[in-house]
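Dear colleague,

I am handing over the structure we spoke about, and I would be grateful if you could look through it with the notes below at your side.

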Amino acid sequence: MRTNLLKLFVFFIFFLGNSQHLLAINDTPRDRFVVVLDAGHGGKDPGNTGNGFKEKDIALNIILKIGEALEKKGGIEVIYTRDTDVFIPLAKRARIANEADADLFVSVHCNAHNSQAYGTETFVLGLHKTKENFEVAKKENSVIFLEEDYEVTYGGFNPNSPESYIGMALMQEEYLNQSILLADFIQKNFTHNLKRKDRGVKQAGFLVLKNAVMPSVLIETGFLTNNHEGPYLNSTSGQNKMAAAIVEAIDKYANSINLSSLQNIGNSSISNSNNQDELQDEVYEGITFKIQLAAGSKKLETKAYNFKGLQNVERSRENGLYKYYYGATSNYTRINELHDKAKQIGYPSSYIVAFKGGDKITVNEALKTK
């Protein structure tokens, strides 16, 4: 018993030591939006080979199509962890993203199962809540066994041991909201645009996400072992469609994040005007803007002392997480003022969200209702 506790303590210290640089987010406006695209597996690691298809080839094809489309949009810099059939260690993939000071890390994979399971799912980093999620993470993490000195590189991490995942809940906490936002965009595009089965946005302990210091997602585009989905993912048409759906989600995410710059410009022009009609013009009927302060698995009382003195904080449970909102209003000017306040008192990574009829929509969609 004492030995097991010591192991848990060592794993906790290892993960905590690697998470110290995650404690703050840079809110300085960027003149470029950097996306690191990661094709799973490669080289001596083929990934899964359901129905005779190779995961490494399909993932690379989809990633290259995503990158080509993003580069055509302009304003987005694309960096690949691999653009050929080579083996890249998990730690190096994250290091490439960190050294590029990237805004997003997107890893593409294909799933497998011993049944005819099918559908898409997108993961963000966290503790797996089901055995199924653990199995997916275990399968993807087991690639480290192909690396030399993996025990040293990953601090004794064992993909097959549930104990090794203790402490992962601490990682990327500052980026969880943004990661979930992108994952949600991706899943909605797969479901609505491509009519793929939605297996949801999930959390699991992926090493490749753990070390990436930015919003990050791992996409399972479907099951190669399924007799219909496998051939679809192996086809040029299927890969083009999957790539297009992911590109649209990344573009939507980038625009929603970049709204903060537009908000600052809007605030400056409004503050220089005494015209009350212009202020009234900022009211969006049927829309409720809120500030998302935080999200996590812990249920907190919505008292001011838990939120740096902020009053009237709301709590909502979404996708297995508790989310905390502040400042409900239909006035876009007012929500920006409240957002500035929230950032100043200690919530630099907070952001504005919008609701219509109780359903969450993007701020872009809300602003287009006028």
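What follows is a description of the sheet, the helices on it and some of the salt bridges.

Please bear in mind that this is a predicted model. I begin with the sheet, an open one in which six strands follow the order β2-β1-β3-β6-β4-β5 with mixed pairing. Its edges are formed by β2, residues 76-80, and β5, residues 198-204, each of which pairs on one side only, and from one strand to the next the twist averages 25°. At the β5 edge, the partner is β4 (residues 120-125), which pairs with β5 in the parallel sense over five bridges; within that pairing, Thr120 stands opposite Asp198.

Two helices are worth following against this sheet. Helix α2, which covers residues 55-73, packs on the sheet and touches β1 (33-39), β2, β3 (104-111) and β6 (216-223), while its direction makes about 160° with that of β2. Helix α3, residues 90-99, lies across β1, β2 and β3 and runs at about 170° to β1.

Turning to charged side chains, a search of the whole structure finds 13 salt bridges, and I describe some of them here. One of them joins Lys202 and Glu121, with 2.8 Å between the closest N and O atoms. Because Lys202 belongs to strand β5 and Glu121 to strand β4, this pair ties together parts that are 81 residues apart in sequence. Lys202 and Glu121 are both buried, and salt bridges with shared partners join Glu121, Arg199 and Lys202 into one network.

A further salt bridge is formed by the side chains of Arg196 and Glu229, at 3.3 Å from N to O. Arg196 sits in the loop between α6 (176-193) and β5, whereas Glu229 is in helix α8 (residues 229-234), so that this pair ties together parts 33 residues apart in sequence. Arg196 and Glu229 are likewise buried.

Where, by contrast, do Glu337 and Arg334 lie? Both are in helix α11, residues 332-344, at a separation of three residues, which is about one turn of the helix. They form a salt bridge whose closest N and O atoms are 3.4 Å apart. Glu337 is partly exposed, its relative accessible area being 42%, and Arg334 is also partly exposed, with a value of 41%.

With best wishes

Methods
Residues numbered from 1 in each chain as written. Predicted model: local features only at pLDDT ≥ 70, side-chain atom pairs only at ≥ 80, totals over all residues. Heavy atoms only, no water. Pairing = 2+ DSSP bridges. Helix = DSSP H or I, 4+ residues; strand = E, 2+ residues; numbered from the N terminus. Axes fitted to C-alpha atoms, helices over the stretch in contact; angles between N-to-C directions. Contact = heavy atoms within 4.5 Å. Salt bridge = Lys/Arg side-chain N within 4 Å of Asp/Glu carboxyl O. Buried < 20%, exposed > 50% of the residue type's maximum accessible area, 1.4 Å probe, protein only.
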